[in-house]
Amino acid sequence: MKKIVFPTDFSEVATNAFRYALELAKQYHAEIILLHTYELPIVDHQFAPQNYKTLFDSLELINFDRFKEEAAKLKEIVVKHKAEKVRLSHALRDGDLVFNLKELIREEQADFVVMGTAGASGWSEYFLGTNTTEAISNLNVPVLSVPKEATFTGIETIAFTTRFREKDKKALQEVLHLAKGLQAKVKCLYVETQDTDNTPATYEDWKSHFALEPVQFHIIPNDDVEATITDFISGNNVDVLAMMTYKKGFFAQLFAQSFTEKMANHLSIPVLALHE
């Protein structure tokens with residue numbers, strides 16, 4: 001983790017997520033790139049060209065002034081967290097957030113994104129159509145999404161949900177790499193439903209593959225996958241839930257309304273989305 005992109009709209013939700021970005025940057029000696037995007041309006045075609053320029057220059061200046069003002073507030077948080085050594089850089093761009101995120105990651109060769117989300121009460125919206133779900137679906141780097149209810153007290157336990165597919169091994173290795181830098185434990189969870197196609201041999205293969213790694217495997221038979229994950233999080237003091245995205249439909253199924261209601265009172269921890 002060398003460069004963390006932190007997209008912000010300077011809301012309380014985003015500012016809360018900034019604390020996580022800051023602590024990760026401290027641990028990994030990483031740079032944080034603040035990204036703020038804004039949309040220029042579509043103006044009437046009857047405007048004279050010089051009026052276009054005057055209008056856009058004025059709007060860009062307003063956004064720039066606000067960006068400077070809000071960035072200064074974030075620096076106050078830096079001081080409170082004793083993170084003055086963390087390098088902060090800035091990117092102010094007009095246009096679509098996800099497009100600019102992609103471009104910035106490519107240009108800066110960034111390898112991690114931290115962003116805020118509405119939180120437990122808005123999980124279904126979060127995963128099904130907002131900027132955050134677009135980021136999770138379209139970016140090729142890990143995305144740590146932080147709900148507004150989350151309070152950073154350290155990251156000591158990371159849970160990783162798996163289907164025990166071969167491709168999941170690479171993702172678990174990423175989680176283990178992150179955990180080692182944080183000196184955190186990893187708990188790998190599989191909810192075994194009646195229609196599972198995994199076998200005891202699969203489980204043994206995984207345990208053997210990661211025998212030298214600091215990971216515990218938890219295989220819990222239950223047909224209620226959502227409730228089992230929720231109970232596991234609360235029962236094991238999990239600080240971050242790491243998940244493979246697989247495909248957008250996976251989140252649509254996982255965070256359906258029934259699960260949202262169950263999660264609302266339990267999940268106030270960040271979710272780390274990893275890509276196939």
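**Figure 1. Salt bridges across the predicted model.** A salt bridge here is a side-chain nitrogen of Lys or Arg within 4 Å of a carboxyl oxygen of Asp or Glu. Searching the whole structure that way turns up 9 salt bridges. Keep in mind that this is a predicted model. For orientation, the chain has 10 helices and 10 strands, and of its 276 residues, 50% count as buried. Among contacts between residues at least 6 apart in sequence, 81% join residues at least 24 apart. The next three views zoom in on some of the salt bridges.

**Figure 2. Close-up of the Lys3–Glu108 salt bridge.** Here the side chains of Lys3 and Glu108 come together, with 2.9 Å from N to O. Lys3 sits in strand S1 (residues 3-7) and Glu108 in helix H3 (residues 97-108), so this pair ties together parts of the chain that are 105 residues apart in sequence. How accessible is Glu108? Its relative accessibility is 29%, so Glu108 counts as partly exposed.

**Figure 3. Close-up of the Arg87–Glu31 salt bridge.** This time the N to O distance is 3.6 Å, between the side chains of Arg87 and Glu31. The pair links distant parts of the chain, 56 residues apart: Arg87 is in the loop between helix H2 (49-80) and strand S3 (88-94), while Glu31 belongs to strand S2 (residues 31-38). Are the two partners buried or exposed? Arg87 has a relative accessible area of 56%, and because anything over 50% counts as exposed, Arg87 gets that label. Glu31 comes out at 9%, and because the buried class is under 20%, Glu31 counts as buried.

**Figure 4. Close-up of Arg165 with Asp197, plus a salt-bridge network.** Arg165 makes a salt bridge with Asp197, and their closest N and O atoms are 3.6 Å apart. This pair also links distant parts of the chain: Arg165 is in the loop between S6 and H6, Asp197 is in the loop between strand S7 (185-192) and H7, and the two are 32 residues apart. Arg165 counts as partly exposed at 31% relative accessibility, whereas Asp197, at 55%, counts as exposed. Salt bridges with shared partners also join Glu166, Lys169 and Asp205 into one network.

**Figure 5. Close-up of the tilted ring pair Phe164–Tyr203.** The count for the structure is 10 aromatic pairs. In this one, the ring centres of Phe164 and Tyr203 are 5.1 Å apart and the planes meet at 50°; that angle is neither under 30 nor over 60 degrees, so the pair is tilted. Where do the two rings sit in the chain? Phe164 is in the loop between strand S6 (157-161) and helix H6 (168-182), and Tyr203 is in helix H7 (residues 200-209), so to speak of distant parts is fair: they are 39 residues apart. Phe164 and Tyr203 are both buried.

**Figure 6. Close-up of the edge-to-face pair Trp206–Phe217 and the ring cluster.** The ring centres of Trp206 and Phe217 are 6.5 Å apart, and their planes are at 90°, so this pair is edge-to-face. Trp206 lies in helix H7 and Phe217 in strand S8 (residues 215-221), so the pair ties together parts that are 11 residues apart in sequence. Trp206 and Phe217 are both buried. Step back a little and a cluster appears: ring pairs link Phe164, Tyr190, Tyr203, Trp206, Phe210 and Phe217.

**Figure 7. Close-up of Gln216 in strand S8.** Gln216 is part of strand S8. What does Gln216 touch, leaving aside neighbours within four places in sequence? The contacts are Val186, Lys187 and Cys188. Leu189 is 27 residues away from Gln216 along the chain, with 8.6 Å between their C-alpha atoms. Gln216 has a relative accessible area of 41%, so it counts as partly exposed.

**Figure 8. Close-up of the cavity and its lining.** How many cavities of 30 Å³ or more are there? The count is 1. The largest cavity has a volume of about 30 Å³. Its lining is made up of Leu24, Phe112, Leu144, Ile155, Ile158, Leu178 and Val240. By class, that lining has 7 nonpolar residues, with no polar and no charged ones.

Technical notes. Residues are numbered from 1 along each chain as its sequence is written. This is a predicted model: local features need pLDDT of at least 70, side-chain atom pairs count only at pLDDT 80 or more; totals for chains, interfaces and linings use all residues. Side-chain values use heavy atoms; hydrogens and water are left out. Rings of Phe, Tyr and Trp (its six-membered ring) pair if their centres lie within 6.5 Å; planes under 30 degrees apart count as stacked, over 60 as edge-to-face and the rest as tilted. Helices (H or I, at least four residues) and strands (E, at least two) are DSSP runs, numbered from the N terminus. Buried means under 20% relative accessible area, exposed over 50%, partly exposed in between (1.4 Å probe, protein chains only). On a 1 Å grid over the protein atoms alone, a cavity is a set of points where a 1.4 Å probe fits but cannot get out, and a pocket is an open set with protein on both sides within 12 Å along at least five of seven lines; lining residues have an atom within 4 Å of a point. Grid points are joined across faces, edges and corners, and a volume is the space filled by probe spheres set on the points. Ala, Val, Leu, Ile, Met, Phe, Trp, Tyr, Cys and Pro count as nonpolar, Asp, Glu, Lys and Arg as charged, and the others, Gly among them, as polar. Contact means heavy atoms within 4.5 Å.
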